[in-house]
Amino acid sequence: MTTSMEKPSEPQDPQKPQKPDAGKPSQPPGDVQAQSPRALTRARRRQAVARFWRQYRTHRAGLVGLAVLAVIALLALTAPLLVGADSQSVTNAPGGPLEEPSGEFPLGTDQFGRSLLALMLWGTRVSLTVGLLAAFLSVAIGTLIGITAGHFKGWYATVIMRVTDWFLVMPTLVLAIALATVLSRSIWTTILAIGVTTWPTTARLVRAQTLSVESRPYIERSRALGGGHGHIMSRHVLPNVMPLVLAQTTLVISTAILTEATLAFLGLSDPTIVSWGGLLQDAREAGAVSSGNWWYLAPPGLAIAVVALAFTLCGRTIESVLNPKLGVSR
């Protein structure tokens with residue numbers, strides 16, 4: 001009977017690292033697994049948005065402004081469902097001229113017998129569209145000029161800032177009226193006239209923020225590693241000025257809506273499009289002021305004031321959240 005000599009098993013040292021099994025790569029724990037840079041970026045953005053909303057909702061004024069804007073935007077989107085497109089027709093007006101508010105016409109009628117409530121809903125779409133597009137055009141021009149003027153030094157910054165100063169000292173409304181008078185009357189002319197005359201304030205704010213960002217050490221490291229002008233401005237400067245641009249956009253929207261109403265009141269917008277400023281112009285032509293037809297003047301005027309105030313409240317709240325040093329009250 002043959003017996004085999006078995007080697008006794010050695011006791012394992014608890015402090016001695018164990019070798020992984022052959023052919024099986026070691027896997028790091030699930031919570032420390034390396035993530036892709038894109039996934040990390042998305043996670044940081046979600047955390048930043050959640051942190052921003054937590055701070056934003058502590059401001060009552062900002063919540064009120066946001067709620068008002070949500071209701072007005074909902075009314076603008078559902079206007080074709082709430083009132084038909086034929087409510088703008090002059091020949092098929094359902095009521096008589098300048099009827100007082102009643103159960104059939106809650107806001108009364110205009111000089112052609114059309115329901116002012118229906119016209120107000122249609123005017124919401126035009127006024128918000130013009131305000132948003134004009135504000136985005138203005139902020140885009142101001143951001144581009146501000147970043148480039150802050151990044152490139154020398155003669156370029158001097159010339160571009162002198163042009164900005166010239167636009168600042170010139171009355172914005174006068175320039176917008178001049179452009180709207182020269183160009184054809186349309187909604188795009190109004191957007192262009194407002195956008196190209198209201199950008200200087202944004203440009204100066206963005207330039208000041210760009211100069212602050214450019215003085216930070218990581219910009220010097222980026223240049224030392226071979227980062228070009230486009231890389232620095234798009235990857236480092238622009239993300240740092242975007243919070244300021246966002247806050248400035250909400251403030252410019254209210255200015256754009258007021259300017260659009262002024263141009264429409266002066267008869268410099270498209271007369272075939274119903275807007276809040278156009279309703280005020282129609283009321284002036286119909287003699288609503290001298291006749292005491294208050295229902296023709298009050299609704300569009302109040303709507304313009306409420307929307308401008310709502311955007312201003314949201315803009316001030318965003319500024320307070322992004323820059324707590326401002327000390328805006330809640």
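Which residues make the nonpolar surface patch of about 410 Å²? In this predicted model, the patch is made by Leu 132, Leu 133, Phe 136 and Trp 188. The protein chain that carries the patch has 13 helices and zero strands. The briefing below treats the overall fold, the patch, the internal cavity and the salt bridges in turn.

**Overall fold and surface**

- Read from the N terminus, every element of the protein chain is an α element, in the order α-α-α-α-α-α-α-α-α-α-α-α-α.
- The protein chain comprises 330 residues, of which 38% count as buried.
- When contacts between residues at least 6 apart in sequence are considered, 70% join residues at least 24 apart.
- The exposed area of the protein chain is about 19500 Å², and carbon and sulfur atoms supply 63% of this area.

**Nonpolar patch**

- Helix 4, which spans residues 116-151, gives the largest share of the nonpolar patch, namely three residues.
- Leu 132, one of the patch residues, lies in helix 4.
- Leu 132 has a relative accessible area of 32% and is therefore classed as partly exposed.

**Internal cavity**

- One cavity of 30 Å³ or more is found in a search of the whole structure.
- The volume of the largest cavity is about 70 Å³.
- The lining of the largest cavity consists of Val 126, Val 130, Ser 186, Ile 187, Thr 190, Glu 260, Ser 269, Asp 270, Ile 273 and Ser 275.
- Helix 4 and helix 7 (187-195) are the elements that give two or more residues to this lining.

**Salt bridges**

- The count of salt bridges comes to five.
- Arg 114 and Asp 110 form a salt bridge through their side chains, with an N to O distance of 2.9 Å.
- Both partners of this pair are buried: Arg 114 has a relative accessibility of 7%, and Asp 110 has a relative accessible area of 0%.
- Arg 223 forms a salt bridge with Glu 214, and their closest N and O atoms are 2.6 Å apart.
- Arg 223 is partly exposed at a relative accessible area of 33%, whereas Glu 214 counts as buried at 7% relative accessibility.
- The side chain of Arg 223 also meets that of Glu 220 in a salt bridge (3.5 Å, N to O).
- Arg 223 and Glu 220 both belong to helix 9 (residues 217-224), where they lie three residues apart, about one turn of the helix.
- Glu 220 counts as partly exposed, with a relative accessibility of 47%.
- Elsewhere, Arg 162, Asp 165 and Arg 204 are joined into one network by salt bridges that share partners.

Note on methods: Residues numbered from 1 in each chain as written. Predicted model: local features only at pLDDT ≥ 70, side-chain atom pairs only at ≥ 80, totals over all residues. Heavy atoms only, no water. Helix = DSSP H or I, 4+ residues; strand = E, 2+ residues; numbered from the N terminus. Buried < 20%, exposed > 50% of the residue type's maximum accessible area, 1.4 Å probe, protein only. Contact = heavy atoms within 4.5 Å. Areas by Shrake-Rupley, 256 points an atom, 1.4 Å probe, with all protein chains shown as cover. Patch = residues over 30% accessible without salt bridge, like charges linked within 9 Å, V, L, I, M, F, W, Y side chains within 5 Å. Salt bridge = Lys/Arg side-chain N within 4 Å of Asp/Glu carboxyl O. 1 Å grid on protein atoms, 1.4 Å probe; cavity = no way out; pocket = protein on both sides within 12 Å on 5 of 7 lines; lining within 4 Å. Points joined across faces, edges and corners; volume = space filled by probe spheres on them.
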